[in-house]
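Reader: Could you walk me through one part of this protein in detail? I would love a close look at a strand and its surroundings.

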Amino acid sequence: MLGFADEALIEVRSGNGGNGCVSFRREKYIPHGGPNGGDGGKGGDVIFCVKRNMRTLANIRHKHCFKARNGGDGSGWNRYGKDGEDIVIPLPPGTTIWDAETDELIHDFTTEAENEQFVFLKGGKGGWGNVHFKTSTNQAPRYAHPGTPGETRMLRVELSIMADAGLVGFPSAGKSSLLAAFTNARPKVAPYPFTTKIPNLGVLRVDDETDVIIADIPGIIEGASEGKGLGDQFLKHITRTSCLIFMIDAADTFEGTNCFTAYESLKNELGNYSPELLEKPRIVLCNKIDIEGAYDNAIQIIEEIRKNEPKTICVPVSVQNNRGMKEAREEIVNLVNRLEGRDKKHEAEVEKENNFGKAFMAERAGFDDEDMDEEIQYPGME
């Protein structure tokens, strides 16, 4: 995600309509040819579309003005001006467009399909040529309509990464290591804090048809919701996730943190930023249990959490030594499937297959559906 950008301030302009033409037919032996001025062309539109292979706003961050083409002017012999070309601005899914002056939400690109387009500004209309104004009392009109101007708007474009689960934790908690272990992502991993400076996305492959997208944001520090560090800048990227994964450093390898108060501190920062984040289902992973004394800390942390939050899933893990990782993976997949309704879909498919098999065997045995409760004798059971 080199060149990551999640905000941009841009100016968009639709094209002006072309002017109509004042022209008269001039031919030998035809002294009174009459008007033949063509119409102006339509101005280009400003269009936004979704590209699912895009992950950032880097393509528009440094280009401040997006302008559609103007329509061409009309000309003689009833020749119409050319329509202006539209300007198509590609955006990644999860992007929202706001009016920079009024803070009005214009459009939210969360459910659009690939290449689905949103026409934001229409181009100006082309003006009529003088051929349209000929009447029985005015057979030589010497005026035409000018094209209507296009529109200009200042927009604020913001990106919130679309993911199923969001990783939350203090620096050096092991979030990037977990992302690298579970997914195809290759974030920077180093034995010092603040190695993650931009959000990272990884895809956890469940089976041939199901994926779980995990978002890793830079480490949160106390006071992040008030603007300290990088946490508040990227906290918005977990607002659209279905659930949260809290990473607790049970060994206290980051100076200034306490593993026994880390969970409450993280919840406090999330709640100050957006109370809705605390309503999301969560999993707590107590990491680094391979370090001496960290396992006992993890058990104490988990017992304290379960006293106040019996439904919160807690798992002690060691990403470095692969301890508890299988259980953590299963819990993450099961939680996401439950929240997305995938488990119900799977149960419905299994039930459908069972009903089909049941009806098929009943037909083979010569029974009706009403007789299926009785024992059926199949070939070879004599």
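Author: Happy to help; here is a tour of strand β5 and its partners, followed by two other spots. Please keep in mind that this is a predicted model, in which local features need pLDDT of at least 70 and side-chain atom pairs count only at pLDDT 80 or more, while totals for chains, interfaces and linings use all residues. Residues are numbered from 1 along each chain as its sequence is written, and side-chain values use heavy atoms, with hydrogens and water left out.

Let's start with β5 itself. Strand β5 covers residues 95–99; strands here are DSSP runs of E with at least two residues, and helices are runs of H or I with at least four, numbered from the N terminus. Four of the five residues in β5 are buried, where buried means under 20% relative accessible area, exposed over 50% and partly exposed in between, using a 1.4 Å probe and protein chains only.

β5 has an antiparallel neighbour in β6 (residues 105–109), joined to it by four bridges; two strands pair if DSSP finds at least two bridges between them. Threonine 95 has phenylalanine 109 of β6 as its bridge partner. Five residues lie between the strands of this hairpin, and aspartate 103 takes a positive phi near 60° there.

β5 also runs antiparallel to β8, with five bridges joining them. Here isoleucine 97 stands opposite valine 157. Strand β8 also holds glutamate 158, whose side chain makes a polar contact of 2.9 Å with the side chain of arginine 156. A polar contact is a pair of N or O atoms within 3.5 Å; within protein, one must be able to donate a hydrogen and the other to accept it, and residues adjacent in sequence count only if both atoms are side-chain atoms. Leaving aside residues up to four places away in sequence, glutamate 158 touches several others, including Thr95, Thr96 and Trp98; contact means heavy atoms within 4.5 Å.

Next comes the loop between β7 (117–121) and β8 (152–159), where valine 131 is found. Valine 131 counts as partly exposed because its relative accessibility is 28%. Its contacts, not counting residues up to four places away in sequence, are Pro35, Asn36, Gly37 and Asn78. The C-alpha atoms of valine 131 and cysteine 21 are separated by 8.6 Å, although these residues are 110 apart along the chain.

Last, a helix pair: Leu178, Ala181 and Phe182 in α2 meet Met325, Ala328, Arg329 and Ile332 in α6.
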